[in-house]
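Student: I'm new to this structure, and I'd like a close look at a single part of it. Could you walk me through the empty spaces and the helices around them?

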Amino acid sequence: MADRLLRDKDWIARTPGLANGGIALAVVEPDTVGWSKIASLLDDYGFIAFASADKQTVFDQIRKRLGDEGDLPYWDSFTASASVALSASDGIIQSSDNASTLASDQFPDADTIREVVSLNREVGVSPLPAWYMQSEGPPSLTSWIRSIDGRMIACANGSMRYHSDSRMAGTYYVGSVSVSPSNRGKGLGTLVTALLIRDGVRAFSPTTVTGVAQPTNMPSRAMLTRCGLVHDPSRATVIYNRSGAFHTR
C-alpha cells in the first residue's frame with residue numbers, strides 16, 4: 001500500500017476528492033471521484049478509506065456501489081477549530097510537570113523514524129512510511145516524547161492531507177498516537193497529541209483540526225476531547241477492507 005501511495009502521490013495531491021493517508025488512500029468526495037473510479041482504485045489498493053463520511057449514508061452507499069465482500073470498520077470523527085484546539089493543547093503543555101523531552105519535526109531523521117516505527121509496531125499502530133513522515137507526500141509533522149534516559153516513550157503524526165478545493169480544505173489531521181506500554185496511565189497520549197496539535201497549528205496555519213477514534217477506544221476519545229476536539233456523531237471514517245490487509249487500532 002505504501003509503495004502505491006508513493007507511486008501515486010502527485011496524482012492524489014492534484015485530485016480534490018482524494019487524500020493521501022500514508023497507510024491508506026482516502027476518498028473525501030465519492031461523487032466527485034466517481035464510483036467507477038473508486039472501484040478501480042479498490043482493485044489496485046485492496047482497501048479504501050472514506051474520510052469523515054456521512055455516517056447515515058456511507059455504509060449503504062459502499063455496499064450498493066462496491067459490493068459486500070469486505071469488512072467496514074469505522075472510526076468516529078472528532079473536530080475543532082484550530083484556535084480552540086490550539087488553546088486547549090497549549091494549556092495541557094503549559095500545565096504539564098512532565099520532565100521528559102518534547103520535540104516535533106516536519107523532516108525527522110532516519111534514526112528518529114526507526115524509533116517511531118518501532119513504537120508504532122509495539123502498540124499495534126500501522127507505521128507511516130518514512131517518505132510520508134519526511135513530508136514527501138502532504139506536509140507532515142511528527143511529534144515525540146523522550147524519557148529522561150533518552151528513550152522514545154510516545155509519538156504521533158499529523159498531516160495537511162486534504163486538497164485546497166475539497167470540503168476538508170484547511171483541515172489538519174492528527175493521529176498515529178503511540179505510547180510505550182510501560183508508560184501508560186501517565187497522560188502521555190494526551191500530552192503528545194497536544195504537542196502535535198500545538199506545533200502543527202503553528203507550522204501549517206490550518207482552520208480546523210480533526211482526529212478519529214474507534215467507538216470502543218475510550219482512552220483515545222478522552223485524549224482528543226481533552227485537546228479541545230468534539231465528537232461529531234454525524235461523521236465517521238470508514239475503511240472498506242476488501243483485501244483484509246488493513247490492520248491498525
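Tutor: Happy to! Let's begin with a term we need: a pocket is an open set of grid points, on a 1 Å grid over the protein atoms alone, with protein on both sides within 12 Å along at least five of seven lines. Please keep in mind that this is a predicted model.

With that term in hand, we can turn to the largest pocket, which holds about 310 Å³ of space. It is lined by 16 residues, and those closest to its centre are V179, R184, G189, P219 and M223. Three elements, β8, α9 and α10, each give two or more residues to this lining. Of these, α10 gives the most, with four residues. Sorted by class, the lining of the largest pocket comprises five nonpolar, seven polar and four charged residues.

Two of those elements, α9 and α10, also touch each other. Their axes come within 9 Å and cross at roughly 45°, which makes α9 oblique to α10. The crossing of this pair is right-handed. On the α9 side the contact is formed by G189, T190 and T193, and on the α10 side by M223, L224 and R226. By class, the contact of α9 with α10 has two nonpolar, three polar and one charged residue. Notice that G189 and M223 take part in this contact and are also among the residues closest to the centre of the largest pocket.

Helix α9 has another partner, α6. Helix α6 spans residues 82-95 and helix α9 spans residues 188-204; they pack at an angle of about 130°, with their axes 8 Å apart. That makes α6 oblique to α9. The crossing here is left-handed, whereas the crossing of α9 and α10 is right-handed. From α6, the residues in contact are A82, A85, L86, S89, D90, I92 and I93, and from α9 they are T190, L191, A194, L195, I197, R198, V201 and R202. This contact of α6 with α9 has 10 nonpolar, two polar and three charged residues. T190 is worth finding on your screen: T190 meets α6 and also belongs to the contact with α10.

Now for the enclosed space. A search of the whole structure turns up one cavity of 30 Å³ or more, with a volume of about 630 Å³. Its lining consists of 35 residues, and W75, Y173, G175, S176 and V212 lie nearest its centre. Two or more lining residues come from each of β3 (48-54), β4 (74-81), β8 (171-179), β9 (208-213), α10 (218-226) and β10 (230-240). The element that gives the most is β8, with five residues. By class, the cavity lining has 19 nonpolar, 14 polar and two charged residues. Both β8 and α10 appear in this list for the cavity, and both appear in the list for the largest pocket as well.

Finally, take a look at the second largest pocket, with about 200 Å³ of space. Of its 15 lining residues, A13, P138, P139, M160 and R161 are the closest to its centre. Here α2 (9-14) and β1 (18-20) are the elements that give two or more residues, and the largest share, four residues, comes from α2. The lining of this second pocket divides into eight nonpolar, three polar and four charged residues.

Terms used:
Residues numbered from 1 in each chain as written. Predicted model: local features only at pLDDT ≥ 70, side-chain atom pairs only at ≥ 80, totals over all residues. Heavy atoms only, no water. 1 Å grid on protein atoms, 1.4 Å probe; cavity = no way out; pocket = protein on both sides within 12 Å on 5 of 7 lines; lining within 4 Å. Points joined across faces, edges and corners; volume = space filled by probe spheres on them. Nonpolar A, V, L, I, M, F, W, Y, C, P; charged D, E, K, R; others polar. Axes fitted to C-alpha atoms, helices over the stretch in contact; angles between N-to-C directions. Parallel < 35°, antiparallel > 145°, perpendicular 65-115°, else oblique. Left-handed = near helix turned anticlockwise from the far one by under 90°. Contact = heavy atoms within 4.5 Å.
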